[in-house]
Amino acid sequence: MSKNLFIVESPAKAKTIEKYLGKDFTVKSSIGHIRDLVKKGMGVNVEKNFEPEYEISADKKAVVAELKKLAKAAEIVWLATDEDREGEAIAWHLSEALGLDSKKTKRITYGEITKNAILNAIDNPRTIDKHLVDAQQARRVLDRLVGFELSPILWKKVRPSLSAGRVQSVSVRLIVEREREIMEFKSTSSYKVSAIFETEGQAIIKAELGKKFNTLDDATAFLEKCKSANFSITNLETKPAKKSPSAPFTTSTLQQEASRKFGYSVAQTMRIAQTLYEQGKITYMRTDSVNLSQTAITEAAAEIARVYGDRYVKTRQFATKSKGAQEAHEAIRPTAMNQHSVEGEVQEMRLYDLIWKRTLASQMAEAELEKTTVTIKVSTATENFIAKGEVLKFDGFLKVYLEGKDDEDEENAEGILPPMKVGESLARQEITAVERFTHHPARYTEATLVKKLEELGIGRPSTYAPTISTVQKRGYVVKEDRQGTQRNYNHISLKADNITKEVKTENTGAEKSKLFPTDIGMVVTDFLLQHFKDIMDYNFTARVEQEFDEVAEGKLSWTKMLQEFYKPFHKTVEHTSENSERASGERVLGKDPKTGKEILVRIGRFGPMAQIGRQEDEVKPIFASLRKGQSIETISLEEALDLFKLPRNLGLHDGEEVVVSIGRYGPYIKYQNQFISLPKTDDPYTVTFERIKEILTGPRLPKILGQFEGKDVIVAKGFFGNYLKYDTINACLPKNADPFAITLSEAIVLLKDKIQKEKEKLIKYWEEDSRVKVVNGRWGPCIQAGKKFFKIPADKHPLEMTLDLCLEIAGFNQKKKSAKTKTVAAKKITAKVVKPVKKAVKKAAKKVAAKK
């Protein structure tokens with residue numbers, strides 16, 4: 001048995017570190033957190049100074065049992081989890097759960113997974129920093145208190161199954177407020193005038209008028225003046241300029257740049273960066289520091305000099321600007337600056353290349369430019385044209401890297417201007433005036449939302465990705481592409497002495513991978529803003545983050561912080577629960593022309609919907625779900641009326657009624673008691689009967705392709721797409737495969753592949769009873785019964801499982817409750833429900849009698 005037990009969080013990290021340590025070390029992984037607040041109840045004893053109640057996760061009991069055994073036999077246990085607060089908390093939980101002796105336990109941290117860094121950390125151990133642990137506990141407990149107390153109010157006042165969170169609710173507020181800014185935005189137009197001139201040396205230059213015109217008439221009048229005008233250069237100004245490199249990456253700037261350059265989501269970027277870190281390729285990826293170690297700066301300078309020459313070297317140290325930057329981490333950088341690329345997945349290679357270039361560029365000389373501005377006089381007008389250009393004298397850091405931009409309307413880089421002189425006459429080639437429109441504020445992408453949260457001091461590097469994932473999973477926000485709409489604009493052109501006017505069209509409003517609030521997200525945000533102003537206040541949320549920082553520094557007691565927050569918060573919860581009204585986002589649109597009843601839209605149990613009539617009316621109201629892309633805040637009366645056109649009875653086909661409608665799984669055709677999915681390209685509200693007949697007479701799913709080993713091979717359409725069905729096996733069809741074109745032989749190849757994969761997953765099965773089997777599931781060995789999966793007891797090896805035990809766990813061997821059990825259950829119900837109700841009734845009766 002090894003003398004040293006070395007514990008990290010990740011199996012990949014353990015695998016890398018194992019290479020650097022000798023036989024005296026056993027490297028094991030806790031596979032993330034092993035303990036968390038109990039799932040039942042609040043998990044926090046508010047009366048006992050906010051004492052948290054922890055439990056070992058069910059899926060980690062076997063891991064903990066193994067680590068306990070190894071720790072007992074080891075002379076020294078090294079807790080080598082990540083260097084941030086979360087890593088410190090994992091180390092503390094390990095110490096507590098494993099019952100480690102402080103005398104034989106050592107805590108170490110490192111910013112990169114390299115042999116030198118690991119050995120240096122072992123030479124400089126410390127104890128667990130309880131201040132960092134307390135900061136993480138404070139965050140976890142506070143978030144549990146907020147979620148546990150706010151969520152039930154949302155269930156009661158808005159809709160069941162909703163949730164609220166301290167950071168997630170503020171993040172949704174940002175997106176909701178931006179969407180409302182866009183809704184209220186009124187676009188205005190103006191005319192941008194540009195010209196193409198020819199110099200005396202017959203070179204072409206482009207210039208823009210220094211003024212925009214508000215109306216078509218003003219722009220036309222200016223072009224009329226230009227017909228007889230002379231154009232000459234009145235001023236030519238040349239200035240030197242420099243462009244400096246950006247700081248090395250922090251978590252948020254890496255997320256932003258990977259989004260701009262590669263279109264990666266925040267979670268995707270962090271997953272790739274985590275892999276690179278665990279492989280020892282980059283330093284720790286959760287950081288808000290732009291600092292580089294002196295070793296890294298020296299290595300970068302040497303590599304720049306070797307590859308590009310001494311002139312390109314200019315070392316510098318950047319200052320961290322983000323609010324409350326956490327712990328003295330380094331920026332994200334390669335662990336070896338002479339390693340220009342890595343092997344592996346394409347995404348890993350691209351992200352590493354980005355990190356390497358950004359780090360190297362940060363230690364390179366500025367780019368040297370020469371900027372030229374030319375003023376061109378119009379003899380018949382007071383306005384002047386301006387031509388701008390720049391020449392790159394020395395590329396400096398641009399040799400390696402140029403940061404991307406978020407501005408969607410950013411102009412192209414200025415070009416190089418030809419030689420010119422003051423007083424030179426220019427010949428007019430063409431002058432155009434184009435109608436341009438003001439643009440609404442840009443919607444957030446995941447990356448720009450991270451940037452905004454960082455600016456406001458909300459959240460920390462470790463929380464950005466989980467927060468953005470959570471608000472999307474909860475259905476408060478959607479990330480999607482939206483098509484633009486056609487818009488007309490005026491285009492006026494002056495060539496020779498002719499002015500031509502045209503009306504052209506352009507596509508406007510198209511969005512790609514933008515964050516949109518859902519109706520439920522907007523209603524919940526409004527409700528929380530009305531009743532919980534502090535929780536939703538940006539400054540309050542940022543101040544809480546600062547208090548976490550103070551706890552981490554040992555300047556503030558975490559329990560005192562929670563006490564100051566909880567008392568007023570809990571009072572607000574109680575008051576809101578008792579006195580607030582239900583929130584549904586109801587909006588009355590007008591009257592139904594057929595019935596004269598009110599038409600309104602609101603949030604219902606299953607989402608946003610339109611409604612004709614009220615609950616109190618004699619005739620029950622009629623309901624219809626809103627379509628994708630519609631919102632209760634913007635839908636019109638006409639659009640709402642269209643929703644009630646379904647179901648559409650189109651007539652008879654071969655003597656059978658044909659109905660088109662929308663169900664739980666989308667638009668469908670009902671024909672001959674069958675429900676046939678309507679293709680995505682067809683709109684259920686406008687699809688013609690002729691088109692429906694085409695669908696009904698054409699090939700349809702499910703379709704029998706033939707037989708394989710005496711059993712039918714069927715191609716069908718399911719909730720997740722097209723698939724093959726054979727006996728008990730379901731095999732997905734490739735996304736680009738046509739279900740109507742696939743042959744039996746092609747299907748058999750796919751089925752054999754699926755059968756082979758199922759065999760590889762199989763650990764143990766019983767021929768006498770096929771109801772259960774032991775398989776390798778997504779999260780490890782488990783019991784499979786049909787489509788259900790059950791955990792294997794922590795004290796059992798998968799191969800030790802018996803048929804009877806598997807059947808019992810899967811619920812097949814449960815006997816009916818005895819009469820005695822039923823009696824006990826009935827007594828419990830009576831004690832919990834009936835008796836309290838009777839007491840309440842008696843109490844109310846006494847009050848009434850007393851009043852009389």
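The following exercises, each with a worked solution, concern helix packing, a sheet and the nonpolar cores of one predicted model.

Residues are numbered from 1 along each chain as its sequence is written, and side-chain values use heavy atoms, with hydrogens and water left out. Because the model is predicted, local features need pLDDT of at least 70 and side-chain atom pairs count only at pLDDT 80 or more, whereas totals for chains, interfaces and linings use all residues.

**Exercise 1.** Determine how helix H3 and helix H5 pack, and which residues make the contact.

*Solution.* Begin with the two elements, helix H3 (residues 85–98) and helix H5 (residues 130–157), where helices are DSSP runs of H or I with at least four residues, numbered from the N terminus. Their axes, 8 Å apart, make an angle of about 100 degrees; axes are lines fitted to C-alpha atoms, for helices over the stretch in contact, and angles run from 0 to 180 degrees between N-to-C directions. H3 and H5 are therefore roughly perpendicular to each other, a term that covers 65 to 115 degrees. Next, list the contact (heavy atoms within 4.5 Å): H3 contributes Arg85, Glu86, Glu88, Ala89 and Trp92, and H5 contributes Lys130, Leu132, Val133, Ala135, Gln136, Gln137 and Arg139. Finally, sorting these residues of the contact of H3 with H5 gives 5 nonpolar, 2 polar and 5 charged.

**Exercise 2.** Describe the order and pairing of the sheet that contains S19 and S22.

*Solution.* The sheet is open, and its 4 strands follow the order S19-S20-S21-S22 with antiparallel pairing; strands are DSSP runs of E with at least two residues, and two strands pair if DSSP finds at least two bridges between them. At the edges stand strand S19 (587–591) and strand S22 (622–625), each pairing on one side only. Strand S21 (residues 607–612) is joined to S22 by 4 bridges, and Gln611 has Phe623 in S22 as its bridge partner.

**Exercise 3.** Locate the residues that touch the most other members of the largest nonpolar core, and decide whether Asp134 of H5 is buried or exposed.

*Solution.* A nonpolar core is a set of buried Ala, Val, Leu, Ile, Met, Phe, Trp, Tyr and Cys residues joined through side-chain atoms within 4.5 Å. The largest has 124 residues, of which Phe6 and Tyr110 touch the most other members, and H5 gives the most to this core, with 11 residues. Asp134 also lies in helix H5; with a relative accessible area of 12%, Asp134 is buried, since buried means under 20% relative accessible area and exposed over 50% (1.4 Å probe, protein chains only). Not counting residues up to four places away in sequence, Asp134 touches Val551 and Trp558.

Key. Angles under 35 degrees count as roughly parallel, over 145 as roughly antiparallel, 65 to 115 as roughly perpendicular and the rest as oblique. Ala, Val, Leu, Ile, Met, Phe, Trp, Tyr, Cys and Pro count as nonpolar, Asp, Glu, Lys and Arg as charged, and the others, Gly among them, as polar.
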